[in-house]
Amino acid sequence: PPYGLLCIPMKYYSLPLFFLFLSALFFSFVIAPSSALAATALTTCADLQAIPSAATGAYSLANDIDCTGVVFSPIPNFSGTFQGNGHVVSNVSISSGASYVGFFSRLGNGGGPATISNLTLANIHVTTTGAYVGLLAGTSNADVITNVSVSGTIASASAYVGGLIGITDGSVITRVEASVVI
C-alpha cells in the first residue's frame, strides 16, 4: 500500500487529521517554547532587589531606573538573561564587608551562564573590604556580556578589583565601556 509522509498509511488517516497533527507538532516545538521565555519587566529599584538568589529566568528593563536613596544589595548569583533594552540604572550605592560585590555579586555561578546586554550602569558607587569587586559583577564565569557601559567609583583595598568585573573566567565580553575610579 502507498504510504504518506512519516510512513503513515494514508488509507487509515485523512489528510485534515494529518495537517492537524503537523500543526500541533509545530506549535509544541516552535511557538510554545518562545512564549515560555517571556522576560519579567523591571521598572523600579525594588524590582531589581526582588530578583531572587540563583535566578535563571529572563529579566528586562522597561524604563530607566534611579536608585537614589535606596540601600542596594547586589543581585546574588545570577545565571539568567538580563536585557537592559538601552535603559540606564543610576545612582546605585553598595556598601558591604563581603566578597563578590557589584551590581551582580556573581554571574554564571552554578545555574549556567548569564547573558547581560544593552545595559548602562551610571553613577554606581561600591565600598567594600572584600575581594572580587566590579561595578557590573564581582565574578563572571563563562557568561556573555554585550553592549554594557558602567561608570562610578570603587573603594576597596582588597584583591581582584576591576572596573567592570573583579575576575572573569571564560566569559565572552564585547562592546563594553568602563569609566571607573578605583
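Here are five short exercises on this predicted model, each with a worked solution.

**Exercise 1. Get an overview of the chain**

Find how many helices and strands the protein chain has, and in which pattern they follow one another.

*Solution.*
- Step 1: Start with the count. The protein chain has two helices and 12 strands.
- Step 2: Now walk along the sequence. The pattern reads α-β-α-β-β-β-β-β-β-β-β-β-β-β.
- Step 3: Add some numbers for the whole chain. There are 182 residues, and 35% of them count as buried.
- Step 4: Look at who touches whom. Take the contacts with a separation of 6 or more: 68% of them are between residues 24 or more positions apart.

**Exercise 2. Decide where to read with care**

Work out which stretches have a pLDDT below 50.

*Solution.*
- Step 1: Check the chain as a whole. Its mean pLDDT is 85, and 80% of the residues reach 70 or more.
- Step 2: Go to residues 3–8. Here the pLDDT is below 50, and the stretch has nine contacts in the model beyond near neighbours in sequence.
- Step 3: Move on to residues 24–36. The pLDDT is below 50 here too, with four contacts beyond near neighbours in sequence.
- Step 4: Draw the lesson. Where pLDDT is low, predicted coordinates shouldn't be read in detail.

**Exercise 3. Put a sheet together**

Find the order of the strands in the open sheet, and explain why β7 and β11 each have one side without a neighbour.

*Solution.*
- Step 1: Line up the strands. Three of them form the open sheet, in the order β7-β9-β11, and the pairing is parallel.
- Step 2: Look at the edges. β7 (104–107) and β11 (165–169) each have a single partner strand, so one side of each is left without a neighbour in the sheet.
- Step 3: Add the twist. From one strand to the next, it averages 10°.
- Step 4: Zoom in on one pair. β7 and β9 (residues 137–141) are joined by three bridges in the parallel sense. Pick L107, and you'll find its bridge partner in β9 is S140.

**Exercise 4. Track down the disulfide**

Find which cysteines are joined, and where they sit in the chain.

*Solution.*
- Step 1: Search the whole structure. You'll get one disulfide.
- Step 2: Name the pair. C45 is joined to C67, with an S to S distance of 2.2 Å.
- Step 3: Check the geometry. The angle about the S-S bond is 110°, and the link of C45 and C67 is right-handed.
- Step 4: Place both ends. C45 is in helix α2 (residues 45–49), while C67 is in the loop between β3 (65–66) and β4 (81–83). The two are 22 residues apart, and the pair links distant parts of the chain.
- Step 5: Ask about exposure. Both C45 and C67 are buried.

**Exercise 5. Compare two loop residues**

Are S171 and G110 buried or exposed?

*Solution.*
- Step 1: Locate S171. Its loop runs between β11 and β12 (172–181).
- Step 2: Apply the cut-off. S171 has a relative accessible area of 19%, and buried means under 20%, so S171 is buried.
- Step 3: See what surrounds S171. Leaving out residues up to four places away in sequence, S171 touches S140, N141, A142 and D143. The S171 side chain also makes a polar contact with the side chain of T168 (3.1 Å).
- Step 4: Turn to G110, in the loop between β7 and β8 (115–128). With a relative accessible area of 81%, G110 is exposed, because the cut-off for exposed is over 50%.
- Step 5: Link G110 to another part of the chain. G110 and N77 are 33 residues apart in sequence and 7.8 Å apart in space, C-alpha to C-alpha.

Key: Residues are numbered from 1 along each chain as its sequence is written. Side-chain values use heavy atoms; hydrogens and water are left out. Two strands pair if DSSP finds at least two bridges between them. Helices (H or I, at least four residues) and strands (E, at least two) are DSSP runs, numbered from the N terminus. Axes are lines fitted to C-alpha atoms, for helices over the stretch in contact, and angles run from 0 to 180 degrees between N-to-C directions. pLDDT is the predictor's confidence in each residue, from 0 to 100. Contact means heavy atoms within 4.5 Å. Buried means under 20% relative accessible area, exposed over 50%, partly exposed in between (1.4 Å probe, protein chains only). A polar contact is a pair of N or O atoms within 3.5 Å; within protein, one must be able to donate a hydrogen and the other to accept it, and residues adjacent in sequence count only if both atoms are side-chain atoms. A disulfide is a pair of cysteine sulfur atoms within 2.5 Å.
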